[in-house]
Each structure stands twice: as C-alpha cells, then as structure tokens.
Amino acid sequence: MTVVATAVASPEPDRDCPLCPRLHDFLAEWRQREPTWFNAPVPAFLPPEGEDAVRLLIVGLAPGLRGANRTGRPFTGDYAGDLLYTTLTRFGLARGEFKARPDDGLELIGTAIVNAVRCVPPQNKPVGAEISTCRTFLIPTIARFRNLRAVLALGAIAHQLTVRALGRRVAAYPFKHGGRQEAGALTLFSSYHCSRYNTNTGVLTEEMFVNVFREIAEFLA
C-alpha cells in the first residue's frame with residue numbers, strides 16, 4: 001500500500017496518520033487482529049490542569065505493541081511504566097495508583113509524557129526516516145507548553161530527536177545517562193530508557209533512574 005506524506009503542524013497526529021507507510025500499515029494490520037486495542041498514534045499524556053501546568057516534558061522512544069499501543073497512554077501496559085510512574089509519584093510529579101491501564105485514575109502533576117515516535121514500530125524498532133518524520137509532531141508539542149522548563153529524554157534516540165526538535169546540533173549535545181545541558185530557555189536532562197531489557201541487564205538500575213529524577217525535582221523546586 002502506498003501512502004503519500006503531507007506536511008503537518010499539529011502536535012498530535014491524526015488517527016490514520018499516513019506519514020510513515022510502514023507504521024501506517026502495521027497499525028492497520030493490528031486493528032484487524034485486535035480491534036479492541038487503541039492501535040493508533042499515541043497522544044501526549046497531560047496533567048488534568050492542562051498544558052499550561054506543564055513544566056517537565058518526558059520524551060520516550062515509541063509505544064510498545066502490547067503497552068501504549070494497546071492502552072492508548074504512554075508507558076501504560078508494560079514494565080517501563082511501572083518504574084516510570086512509581087518514580088514520578090515518589091517525587092510528586094504524579095498522584096494516584098498506577099495499575100497499568102488508562103482508567104486507573106493516575107494523574108500527572110506539572111508533567112507531560114510523549115513518545116518520540118507516536119506509532120508502534122515492528123519489532124519495537126523505528127527506522128531513521130520514521131524518527132525524523134515524527135519530529136514534525138515533537139516540535140509543536142514542545143512549543144505548546146508555555147511554562148516548560150525541563151525536558152527529560154529517555155534513551156539516545158529520544159535525546160537526539162529532542163535536540164533536533166530544539167533546533168540544536170546533536171554533536172553539541174551528546175547523550176549520556178544523567179546528562180544535563182542547557183538548550184536556550186530549557187534544560188535538557190537525559191537517562192537510559194527504563195525498559196525491562198535495560199533494567200534486567202543492569203544498564204539502568206532503579207537507583208540510577210531515581211537519581212535523575214531527584215536532580216530534576218530539585219531543579220524544578
């Protein structure tokens with residue numbers, strides 16, 4: 001199936017966004033296989049007070065097939081959400097009980113969460129063109145938060161896309177866990193992604209992750 005890409009300027013893709021043909025077709029396949037799942041570009045998760053309350057934006061990689069792609073909320077339905085939302089609650093950036101479903105009542109506080117790539121990719125691996133294309137949505141997403149002070153990128157791909165979305169050179173903002181760099185009026189923090197693979201292999205420990213959020217919480221205080 002051939003889909004022609006067109007320019008957009010909205011922070012949220014249409015449900016049938018055609019910009020990445022491979023992802024578009026993959027979602028179409030899963031809509032047939034699992035018609036009760038969300039199976040669409042996953043929107044940003046915002047606090048109930050709205051976008052003007054957002055001071056911290058967290059940028060992940062992409063929806064998991066049986067996680068956010070199934071539930072329609074970033075980091076909901078897989079292990080990464082357990083660690084992320086527990087840590088957010090610990091530092092007063094979320095409230096309620098996370099039960100890995102979008103109707104669990106969990107609310108963000110002064111924080112928004114979005115994926116660098118909005119649609120689930122096959123094998124959880126977006127390709128370069130898809131990552132670049134989704135910057136079309138990340139740029140206006142960042143711009144929509146008038147009181148934004150900090151961005152946390154989870155993983156190298158999200159970090160690089162965020163740097164480009166901010167109009168900066170990737171070479172001048174190298175990724176490293178626990179990184180903190182100034183990008184104009186914003187401060188860019190970075191962490192290894194809180195995936196089960198990273199935690200199981202010891203690339204990322206809970207203490208390492210908590211320490212990143214401790215620094216962010218102190219910065220925002």
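Two strands pair if DSSP finds at least two bridges between them. Helices (H or I, at least four residues) and strands (E, at least two) are DSSP runs, numbered from the N terminus. The model is predicted: local features need pLDDT of at least 70, side-chain atom pairs count only at pLDDT 80 or more, and totals for chains, interfaces and linings use all residues. Residues are numbered from 1 along each chain as its sequence is written, and side-chain values use heavy atoms, with hydrogens and water left out.

**View A. Strand 7 pairs with strand 6 and with strand 5.** Strand 6 (residues 180–183) runs antiparallel to strand 7, and 4 bridges join them. Within this pair, Thr-187 of strand 7 stands opposite Glu-182. The two strands make a hairpin with 2 residues between them. Gly-184 sits in that turn, with a positive phi of about 65°. Strand 5 (residues 150–154) pairs with strand 7 in the parallel sense, over 5 bridges. Here Val-151 has Leu-188 of strand 7 as its bridge partner.

**View B. Strand 7 is covered on both faces.** Strand 7 spans residues 186–191, and 6 of its 6 residues are buried. Buried means under 20% relative accessible area, exposed means over 50%, and partly exposed lies in between (1.4 Å probe, protein chains only). One side carries Leu-186, Leu-188 and Ser-190. The other carries Thr-187, Phe-189 and Ser-191.

**View C. The largest nonpolar core holds 33 residues.** A nonpolar core is a set of buried Ala, Val, Leu, Ile, Met, Phe, Trp, Tyr and Cys residues joined through side-chain atoms within 4.5 Å. Leu-57, Val-59, Leu-138, Ile-142, Leu-148 and Val-151 have the most contacts inside this core. Two or more residues come from each of helix 1, strand 1 (56–60), strand 4 (111–115), helix 5 (135–144), strand 5, helix 6 (156–165) and strand 7. Another core, of 27 residues, lies apart from this one. Its members include Leu-83, Leu-88, Ala-150 and Leu-220. In soluble globular proteins, nonpolar side chains tend to be buried together.

**View D. Leu-138 touches several residues beyond its sequence neighbours.** Neighbours within four places in sequence are left aside. The partners of Leu-138 are then Val-59, Val-114, Leu-161, Thr-162 and Ala-165. Contact means heavy atoms within 4.5 Å.

**View E. The largest pocket encloses about 410 Å³ of space.** On a 1 Å grid over the protein atoms alone, a pocket is an open set of points with protein on both sides within 12 Å along at least five of seven lines, while a cavity is a set where a 1.4 Å probe fits but cannot get out; lining residues have an atom within 4 Å of a point. Grid points are joined across faces, edges and corners, and a volume is the space filled by probe spheres set on the points. The pocket lining has 19 residues. Nearest the pocket centre lie Ala-62, Gly-64, Asp-78, Asn-124 and His-193. Helix 3 (79–90) and helix 7 (196–200) each give at least two lining residues. By type, the pocket lining is 9 nonpolar, 7 polar and 3 charged. Ala, Val, Leu, Ile, Met, Phe, Trp, Tyr, Cys and Pro count as nonpolar, Asp, Glu, Lys and Arg as charged, and the others, Gly among them, as polar.

**View F. The model has 1 cavity of 30 Å³ or more.** The largest cavity holds about 100 Å³ of space. Its lining has 13 residues. Cys-17, Cys-20, Leu-23, Cys-119 and Cys-134 lie nearest the cavity centre. Helix 1 (21–33) and helix 4 (128–133) each supply at least two residues of the cavity lining. That lining divides into 9 nonpolar, 2 polar and 2 charged residues.

**View G. Glu-130 is a residue of helix 4.** Glu-130 counts as buried because its relative accessibility is 4%. Leaving out residues up to four places away in sequence, Glu-130 touches Cys-20, Arg-22, Leu-23 and Val-117.

**View H. Ala-100 and Asn-124 each have a positive phi.** Most residues other than glycine have a negative phi. Ala-100 has a phi near 60°. This residue is in the loop between strand 2 (94–95) and strand 3 (107–108). Ala-100 is partly exposed, at 26% relative accessible area. Asn-124 has a phi of about 60°. Its loop lies between strand 4 and helix 4. Asn-124 is partly exposed, at 48% relative accessibility.
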